[in-house]
Amino acid sequence: DLQKAKELFEREASVLKQLQHSQIPRLHSSLQVKLLNKDFFFLVQDYVEGENYQALLEKRLNQGRCFSEKEVFHFLTQILPVLDYIHSKDVVHRDISPDNLVLRKTDNLPVLIDFVGVKQLPASQGLWFTKLPVNRTLLGNKGYAPEEQLRQGKAFHSSDLYSLGVSALVLLAGEEPQQLYDSYHGKWRWGEKIKVSTNFEAILKKMLAYKPNDRYQNSQQLLKDLQSSTPPSTPAPTSNKNVSMLHSAIVAPGS
């Protein structure tokens, strides 16, 4: 366990040192310390003043509402350049969810945090495997991570876009992913629990395609489609009074 923790820690520190983006906390230092015969790993990063999107959603749910389509639309346009940047470095985050996205108080921009699951992709392969003697390490938040990542340990750029798509649905509907996914029929509950405009639904459906090659292959394609579509004109937040609080431990669609 210690060796695996050290491997993940060193991986995160190594990648963070390479990433220089205004919406990613800057890494200042990394260290391993032994205290009372226990090993601790520390990363010293910029402090991001704000709340993560899961906490923001839970506050809204307590008020009987969640994020509007217009808010989620603009959230995507603001976070996609960050994904485009890390993917240009052949880096996949692998753990995108509302609790790993912070709305920064100073400028109201989303900040991507928690790169513990990050992996730099071999440029020749375009996918990721943790090379262990027996098992691949499967990382990702169940319910947010796509099938290829949870079951096979593979990750593509489109895997991050899938997780971002699930995050968008959760913010829109105020429910956990397994409540939004019909596992019997293998489809998301469009029009039932997920109610958005036709154009936005088409974009989200492509983000959430089961097969990686049916999804957007990069953030630029997705951002282009968003920018060419008509932004939602209804700023009022969606009402959703009878919803449960979010929890990080959730069931993956299809499992």
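# Helix contacts, strand pairs and confidence

Q: Which residues in α5 meet F200, L204 and M207 in α7?
A: In this predicted model, the α5 side of the contact consists of L161, Y162, L164, G165, A168, L169 and L172.

Q: How do the residues of the contact of α5 with α7 divide into nonpolar, polar and charged?
A: Nine are nonpolar, one is polar and none is charged. Gly counts as polar, so G165 is the polar residue here.

Q: What makes α5 oblique to α7?
A: The axes of helix α5 (residues 157-173) and α7 cross at roughly 135° and come within 8 Å. Roughly antiparallel would need an angle over 145 degrees, and roughly perpendicular covers 65 to 115. An angle of roughly 135° fits neither class, and therefore α5 is oblique to α7.

Q: Why are α7 and α8 called roughly antiparallel to each other?
A: Helix α7 (residues 198-207) and helix α8 (residues 219-228) have axes that cross at roughly 170° and come within 10 Å. The class begins over 145 degrees, so this pair of helices is roughly antiparallel.

Q: Which residues make the contact between α7 and α8?
A: F200, I203 and M207 come from α7, while α8 supplies L222, D225 and L226. The contact has five nonpolar residues, no polar one and one charged. Asp counts as charged, so D225 is that charged residue.

Q: How do you know which strand is paired with β1?
A: Two strands pair if there are at least two bridges between them, and eight bridges join β1 (residues 27-35) to β2 (residues 38-45). The two strands run antiparallel, and S29 has V44 as its bridge partner in β2. Together β1 and β2 form a hairpin with two residues between them, and in the turn L36 has a positive phi of about 55°.

Q: What is the order of the three strands in the open sheet?
A: The order is β3-β5-β6, with antiparallel pairing. Three bridges join β3 (residues 50-52) to β5 (residues 101-104), with E51 opposite L103. Three bridges also join β5 to β6 (residues 110-112), where L101 has L112 as its partner. Both pairs reach the cut-off of at least two bridges. β5 and β6 form a hairpin with five residues between them, and N108 in the turn has a positive phi of about 60°.

Q: What makes β3 and β6 the edge strands?
A: Each of them pairs on one side only. On average, neighbouring strands of this sheet are turned by 30° against each other, direction ignored.

Q: Which helix lies across β3, β5 and β6?
A: That is α2 (residues 53-62), running at about 85° to β3. Helix α3 (residues 69-88) lies across β5 and β6, at about 30° to β6.

Q: Why is the pair of F9 and F41 called tilted?
A: Their ring centres are 5.1 Å apart and their planes stand at 45°. The distance is within the 6.5 Å needed for a pair, and the angle is neither under 30 degrees, as in stacked rings, nor over 60, as in edge-to-face rings, so the pair is tilted. F9 lies in helix α1 (residues 2-18) and F41 in strand β2, 32 residues apart, which links distant parts of the chain. The whole structure has six aromatic pairs.

Q: Where is the pLDDT below 50?
A: One such stretch is residues 122-138, which has 37 contacts beyond near neighbours in sequence. Residues 235-255 also stay under 50, with 67 contacts beyond four places in sequence. Where pLDDT is low, the predicted coordinates should not be read in detail. For the protein, the mean pLDDT is 83, and 81% of the residues reach 70 or more.

How values were computed:
Residues numbered from 1 in each chain as written. Predicted model: local features only at pLDDT ≥ 70, side-chain atom pairs only at ≥ 80, totals over all residues. Heavy atoms only, no water. Axes fitted to C-alpha atoms, helices over the stretch in contact; angles between N-to-C directions. Helix = DSSP H or I, 4+ residues; strand = E, 2+ residues; numbered from the N terminus. Parallel < 35°, antiparallel > 145°, perpendicular 65-115°, else oblique. Contact = heavy atoms within 4.5 Å. pLDDT = per-residue confidence, 0-100.
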